[in-house]
Amino acid sequence: GHDAIVELVNTVDCETKPYNRVHVELSQDVQLTDPLNMTRACRFVSYRDGQNAPNTLSCANGTCALDINGAVNLVASTHDHVALDIDLKSFDVDLSKTPCEVTLKVSPLHGSGVDDKIAAGYRKGFTGTVSTLNTGAHTFTLNHNAGKLTVQYAGVGDQLGLDTLLTRAATDGLRTRVRCENLNTNTTPWTCVAQSSALLPLKTITVLVAGTISDLDTPMPLTFNLHYSTNKTLPINYQTASLLGEVRDTLTNNQNVDVALHGFNLDDYLAREVETQ
């Protein structure tokens, strides 16, 4: 995605030796969310085109699998990274089926491929919902797919109005991404010290909202109201997104968009990305 995060799902202890294949299994059940945050129960199905092609999804009996071939040599007392690069816009979704069907193809990265992305500004990240927010101590719990994460964000000094944004994220259960400068896996739950370097181009904490535009004000001050869930509204200022070239396609009222928020100022939540759906 545009946030350049290596999403850390989990770690596992493995015997120290060379491996030539990584086998990843997923539950066949998957849930899709539409622009109004309404969910639909779907299931993964085997990749439809080129079943003999590498890195494609194969499903049977409630489980889907990916087999990734390539050398992964594990050395004692070290971590090796394996990542899946999935283009969400290339998902093949068939809504005519009940349940709806979803399939995908991925590009594997492991070893130096992942390390190169981290060196280029990518950070280990998590996506989930915010709870137990303490704006005085600058901590919160991030509830993600693999469990809970304690986030310490006192060092984040380049996101104006971050406490206000996180409060709204906690209240409305908005999806929140956190980039970790340091991750301590020896604590329970794990502890993430949020990235504090303002020199990196990507923000540490991003709140993601999908909704519908109204009251669009252009060419200035570049604002609109974003309507989501049931009777929820956010006033959005997207000047930063415009300056960064991160407004994708022409915006119009009544349009469905995905918005990435990084802060709050005066009366508006601040967007770094706006993408039409």
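A disulfide, for this talk, is a pair of cysteine sulfur atoms within 2.5 Å. Keep that cut-off in mind. What you have on screen is a predicted model.

First, the chain as a whole. It has 277 residues, and 38% of them count as buried. There are three helices and 21 strands. Take the contacts with a sequence separation of 6 or more: 61% of those are between residues 24 or more positions apart. The accessible surface of the chain is about 15100 Å². Carbon and sulfur atoms own 48% of that surface.

Now the cysteines. How many disulfides does the structure hold? Three. Number the bonded cysteines in sequence order, and the pairing reads 1-4, 2-3, 5-6. I will go through the pairs in turn.

Start with cysteine 42 and cysteine 100. Their sulfur atoms are 1.6 Å apart, and they form a disulfide. Cysteine 42 sits in strand β4, residues 39-44, and cysteine 100 sits in strand β9, residues 100-103, so this link ties together parts that are 58 residues apart in sequence. Are the two ends buried or exposed? Cysteine 42 has 4% relative accessibility and counts as buried. Cysteine 100 has 2%, and counts as buried too. The cut-off for buried is under 20% relative accessible area.

Next pair: cysteine 59 and cysteine 64. A disulfide joins them, with an S to S distance of 2.0 Å. Which hand does the link have? The torsion about the S-S bond is about 110 degrees, so the disulfide of cysteine 59 and cysteine 64 is right-handed. Cysteine 59 is buried at 15% relative accessibility. Cysteine 64 is buried as well, with a relative accessible area of 0%.

Stay with this pair for a moment, and look at the sheet around it. Three strands make an open sheet, in the order β2-β6-β5, with antiparallel pairing. Which strands are at the edges? They are β2, residues 18-27, and β5, residues 58-60, and each pairs on one side only. Neighbouring strands in this sheet are turned by 30 degrees against each other on average, direction ignored.

Take the β2 side first. β2 pairs with β6, residues 63-73, in the antiparallel sense over nine bridges. Two positions let you follow that register by eye. Tyrosine 19 stands opposite valine 72 in β6. Valine 24 stands opposite leucine 66, again in β6.

Now the β5 side. β5 and β6 pair in the antiparallel sense over three bridges. The two strands form a hairpin with two residues between them. In that hairpin asparagine 61 takes a positive phi near 55 degrees. And what stands opposite cysteine 59 in β6? Cysteine 64 does. So here the bonded partners, joined by a disulfide, also face each other across the strand pair. One reminder on strands: in a regular strand the side chains alternate between the two faces of the sheet.

Last pair: cysteine 180 and cysteine 192. They form a disulfide with sulfur atoms 2.2 Å apart. Cysteine 180 lies in strand β14, residues 175-184, and cysteine 192 lies in strand β15, residues 190-194, so the link ties together parts that are 12 residues apart in sequence. The angle about the S-S bond is -115 degrees, and the link is left-handed. Set that beside the right-handed link of cysteine 59 and cysteine 64. Both cysteine 180 and cysteine 192 are buried.

Let me zoom in on cysteine 192. Its relative accessible area is 0%. What does cysteine 192 touch, leaving out residues up to four places away in sequence? One group of contacts is Leu149, Thr150, Val151 and Gln152. The others are Val178, Arg179, Cys180, Asn182 and Leu183. Glutamine 152 deserves a closer look. Glutamine 152 and cysteine 192 are 40 residues apart along the chain, yet their C-alpha atoms are separated by 6.2 Å.

One more cysteine, for contrast. Cysteine 14 is partly exposed, with a relative accessible area of 45%.

To wrap up. The predicted model holds three disulfides, paired 1-4, 2-3, 5-6. The link of cysteine 42 and cysteine 100 ties β4 to β9. Cysteine 59 and cysteine 64 face each other in the pairing of β5 and β6. Cysteine 180 and cysteine 192 tie β14 to β15.

Methods: Residues numbered from 1 in each chain as written. Predicted model: local features only at pLDDT ≥ 70, side-chain atom pairs only at ≥ 80, totals over all residues. Heavy atoms only, no water. Helix = DSSP H or I, 4+ residues; strand = E, 2+ residues; numbered from the N terminus. Buried < 20%, exposed > 50% of the residue type's maximum accessible area, 1.4 Å probe, protein only. Pairing = 2+ DSSP bridges. Axes fitted to C-alpha atoms, helices over the stretch in contact; angles between N-to-C directions. Contact = heavy atoms within 4.5 Å. Areas by Shrake-Rupley, 256 points an atom, 1.4 Å probe, with all protein chains shown as cover.
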